[in-house]
Amino acid sequence: MKFIKILLFCSISIFANAQNWYPVGGGIDFGYTELFSFEDKLFAGGYFSNIDGVSARGLAYWDDKKWRSFASDSLIYLLVRNFTTYKDDLYAHGNNSPFLNYGNMLKYEKHENTWVSLPNSEVYLSSFGFPDQYYAGNVFHAIEFQNELYIAGNFDRIGDKNLKNIARWNGNEWGAVTNNTGIELIVQYISNFTIFNDELIAWGRLNDIYYDESYVGFIIWDGETWTNLEGEIIPNLISNFDIWDIEVFQDDLYVAGSKLKIPGDEQFYALIKWDGNNWQGIQGFDSELIELRALKQFSNYLAIGGYNRNTEGDYLTSITVLYNGNTVKNIGSNQNLAIRNFVEFNKQLFAGTHLSTVLSSDDVGIYRLGSINLETEEKSKCIFFPNPTEGEFMITYEAKENTSTIIRFYSISGVLIQEKIFNDLKGPYLRRFNIQDFHTGIYVVQ
């Protein structure tokens, strides 16, 4: 009878590398996706017509097995994005058609699992150039602040009210966001905003209608008055696309974009932060060819996404890194993809991307990160039986989080004989192995 003696050392190795992004379903046919997590569903909105081979017209959800569409005769939107929650409900904006100059604010009816248009909430742009779904009555961002829903974009009317580029909704009607100082200001654009130190902070341009003066940079709304930060960012090109995302991390305000400059520093950055008093450029993102578009606090890290460009401006490889406040760790790149946004769903990080016009069969547009901890080992209680064995045996262990588990077999001299990698979700596992091909001897399982 052949026995293989095995000594057991058990640990779970949690890693993050370029192979650790996993496609989620069959993905979209073209364009881009923005993701949002709400209750038990992962929502995808964007500029696509099919997802997982199903007609979707820019709006779908993930049911843990495949993407499902909300498409119906009453839902004709081609572009849905800017999801946000307001008073525990989910809202979004949808463009009806590239040949019409308006879209609608939408509300998710979770009990019926469908979407409806808010009454008197058509978002109009009275005059625009050639028909383009990116600019026709669009909403760039939405957020809840002081018990109201704020939206900002490219519009001059919502329903029957004249409201230019920013508005707020109290659950019943839309209203203006105006100063109480007697000085009327026009918001030319706001491309992004977030909550920082209990105030609404945004990137955009304000104009004084009496003196035709403008301020471009970060502006703060406290619920009554617009003010500005001390020391404004001066982008290389003044447009609403130099600043792509802002996120609060470790009590600082982080800003992602392209060719950003801070006062007193001539160097370009793609990532900078504001601590409430001073700006600081983050090293590692100082190439003029880097464009960062997505920031998301995830576990103890700041997830950062974007892409590397060539000198013509085309994106070549995606950038996905985790930042702990001191060091940057690369967690993979992919050809032809530009990271557009991150979202946390079921304690895992998902990424929505913008597909290149040059696609491979593996490009699906939506990905999940397999693990978040970097180069660490965590001891795990294991049961190993039978020992000794003729070749067949079982190992039980518990994954303490969603992770990648590596099980390695070594000779007594330390030579790696075999390696198995499992993409585990949090919970207990029982694995069966057969090493009958191994020579009789003593082996170590890690």
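## Burial and surface

Of the 446 residues in the chain, 53% are buried. Keep in mind that this is a predicted model. The accessible surface of the chain adds up to about 20600 Å², and carbon and sulfur atoms account for 47% of that area.

## Strands and contacts

If you're hunting for helices here, you'll find zero, while the strand count comes to 40. As for how the chain meets itself, take the contacts between residues at least 6 apart in sequence: 50% of them join residues at least 24 apart.

## The hairpin of strands 10 and 11

Strand 10 covers residues 79–86. Seven of its eight residues are buried, so the rest of the structure largely encloses this strand. Its partner is strand 11, residues 89–95. The two run antiparallel, with six bridges between them.

What about the turn? Two residues sit between the strands of this hairpin, and Lys-87 takes a positive phi near 50° there. Tyr-86 stands opposite Asp-89, which belongs to strand 11.

## Salt bridges

The structure has 11 salt bridges, and three of them are worth a walk-through. Start with Asp-63 and Arg-68, whose side chains come together at 2.8 Å, N to O. How exposed is each partner? Asp-63 has 29% relative accessibility, so it counts as partly exposed. Arg-68 is partly exposed too, because its relative accessibility is 38%; the partly exposed class runs between the 20% and 50% cut-offs.

Next up is the pair of Glu-266 and Lys-261, a salt bridge with an N to O distance of 2.9 Å. Glu-266 shows 64% relative accessibility and therefore counts as exposed. Lys-261, on the other hand, has a relative accessible area of 22%, which means partly exposed. That value sits just on the partly exposed side, because buried means under 20%.

Then there's Glu-291 with Arg-293, where the closest N and O atoms are 3.0 Å apart. Buried or exposed, these two? Both Glu-291 and Arg-293 are buried, so each has under 20% relative accessible area.

## Putting it together

Across these examples, the salt bridges turn up in varied surroundings: Glu-291 and Arg-293 are buried, Asp-63 is partly exposed, and Glu-266 is exposed. Strand 10, meanwhile, is largely enclosed and pairs with strand 11, in a chain of 40 strands.

Note on methods: Residues are numbered from 1 along each chain as its sequence is written. This is a predicted model: local features need pLDDT of at least 70, side-chain atom pairs count only at pLDDT 80 or more; totals for chains, interfaces and linings use all residues. Side-chain values use heavy atoms; hydrogens and water are left out. A salt bridge is a side-chain nitrogen of Lys or Arg within 4 Å of a carboxyl oxygen of Asp or Glu. Buried means under 20% relative accessible area, exposed over 50%, partly exposed in between (1.4 Å probe, protein chains only). Helices (H or I, at least four residues) and strands (E, at least two) are DSSP runs, numbered from the N terminus. Two strands pair if DSSP finds at least two bridges between them. Contact means heavy atoms within 4.5 Å. Accessible areas come from the Shrake-Rupley method with a 1.4 Å probe; for residues, only the protein chains shown count as cover.
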